[in-house]
Amino acid sequence: MSLASTAFDQTPQQNFFQSAPKEAHSSGGWSPYVNNGGTVIGVSGKDFAIVGGDTRISVGYSISTRTQTKLYRLTSKCVLATSGMLADTIALQKVLRHKLTMYVHQNGRELSTPGVAQLLANTLYSRRFFPFYTFNVLAGVDNEGNGVCYSYDAVGSFERVAYSSSGSGNELVQPLLDSQIGWKNQKREGLIPRDELTKENLVGLVKDAFTSAGERDIHTGDFADICIITPEGIETLKFELKFD
């Protein structure tokens, strides 16, 4: 055996491969999720709750539809407002409707609004390893007739709040709600306590919030649906936003 071949045979094979150039592996940028945009708002009053959402569904700079509601009536005293991925929104709505229908058949009555809030949290948490790509606000009235509003994260952590917003226009809407409902950092006299705000006051404020968001957020626009929830039932309003 020649000296050259002996030297070659003694070269560690792994060193040859380690010295070879490595190419970065990429998934191609594919994602199972897409954010279809939109903004939702929920506000609770003394004996009522108001929840709203715009109707624009978009992908990037393209508008898929201008008339898709983001409000889903779950019971006679409870409405869910959801933005995010439309496919997951519809899937989540179907799961909740199925569970609530089974509850009515088994118990002969509707689930209370706090119960629906917990059901939604459990449903979101059950999908924590592959979450629903949804941004949820739940509003309604409880069994005592008090207005309630719940805010959620993606995997079901939730809290009862006086008001909440979510979606692509959240950063634009939430400061307005903090200023005009929460009175954050305002010390002047003459401010109306939140419990004394009427339905007309809050409906006007929600309309102003959607109008403001539609001016700055390209994913919020076209129309806004608003539900006014009271112990007597649910009233629905609709008004126009910007179409561009």
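**Exercise 1. Determine what percentage of the residues of the chain count as buried, and describe the overall make-up of the chain.**

Solution. Step 1: a residue is called buried under 20% relative accessible area, exposed over 50%, and partly exposed in between, with a 1.4 Å probe and protein chains only. On this basis, 43% of the 244 residues of the chain count as buried.

Step 2: the model is predicted, so that local features need pLDDT of at least 70 and side-chain atom pairs count only at pLDDT 80 or more, whereas totals for chains, interfaces and linings use all residues. Residues are numbered from 1 along each chain as its sequence is written, and side-chain values use heavy atoms, with hydrogens and water left out.

Step 3: helices (H or I, at least four residues) and strands (E, at least two) are DSSP runs, numbered from the N terminus. The chain has six helices and 12 strands.

Step 4: contact means heavy atoms within 4.5 Å. Among contacts between residues at least 6 apart in sequence, 63% join residues at least 24 apart.

**Exercise 2. Establish the strand order of the open sheet that contains β10, and state which strands stand at its edges.**

Solution. Step 1: two strands pair if DSSP finds at least two bridges between them. The five strands of this open sheet follow the order β10-β1-β2-β11-β12, with antiparallel pairing.

Step 2: β10 (163-167) and β12 (233-240) each have a single partner strand, so one side of each is left without a neighbour in the sheet.

Step 3: angles run from 0 to 180 degrees between N-to-C directions, and axes are lines fitted to C-alpha atoms, for helices over the stretch in contact. Neighbouring strands of this sheet are turned against each other by 15 degrees on average, direction ignored.

Step 4: helix α5 (residues 170-180) packs on the sheet and touches β1 (39-44) and β10, its direction making about 170 degrees with that of β10.

**Exercise 3. Examine β1: which strands does it pair with, and are its faces covered?**

Solution. Step 1: β1 pairs with β10 in the antiparallel sense over five bridges, and V43 stands opposite Y163 in β10.

Step 2: β1 also pairs with β2 in the antiparallel sense over five bridges; here V40 stands opposite G53. These two strands form a hairpin with four residues between them.

Step 3: β2 (residues 49-54) is in turn joined to β11 (residues 223-230) by six bridges, the two running antiparallel. G52 stands opposite I226 in β11.

Step 4: six of the six residues of β1 are buried. Both faces are covered, with T39, I41 and V43 on one side and V40, G42 and S44 on the other.

**Exercise 4. Describe the open sheet that contains β5, and locate α3 relative to its strands.**

Solution. Step 1: the order of this five-stranded open sheet is β5-β6-β7-β8-β9, with antiparallel pairing. Its edge strands, β5 (71-75) and β9 (158-161), each pair on one side only.

Step 2: on average, neighbouring strands are turned by 25 degrees against each other, direction ignored.

Step 3: β5 and β6 run antiparallel and are joined by four bridges; R73 has V79 of β6 as its bridge partner.

Step 4: α3 lies across β5, β6 and β7 (134-141), at about 10 degrees to β5.

**Exercise 5. Characterise the largest cavity by its volume and lining.**

Solution. Step 1: on a 1 Å grid over the protein atoms alone, a cavity is a set of points where a 1.4 Å probe fits but cannot get out, and lining residues have an atom within 4 Å of a point. Grid points are joined across faces, edges and corners, and a volume is the space filled by probe spheres set on the points.

Step 2: the count comes to one cavity of 30 Å³ or more, and the largest has a volume of about 50 Å³.

Step 3: the lining residues include G37, I57, Y72 and T89. β6 (78-84) and α3 (86-107) each supply at least two residues, and β6 gives the most, with three.

Step 4: Ala, Val, Leu, Ile, Met, Phe, Trp, Tyr, Cys and Pro count as nonpolar, Asp, Glu, Lys and Arg as charged, and the others, Gly among them, as polar. The lining has three nonpolar, seven polar and one charged residues.

**Exercise 6. Assess D222: where is it found, and what sign has its phi?**

Solution. Step 1: D222 is found in the loop between α6 (199-216) and β11, and is buried at a relative accessible area of 0%.

Step 2: most residues other than glycine have a negative phi. D222 has a positive phi of about 75 degrees although it is not a glycine.

Key: On a 1 Å grid over the protein atoms alone, a cavity is a set of points where a 1.4 Å probe fits but cannot get out, and a pocket is an open set with protein on both sides within 12 Å along at least five of seven lines; lining residues have an atom within 4 Å of a point.
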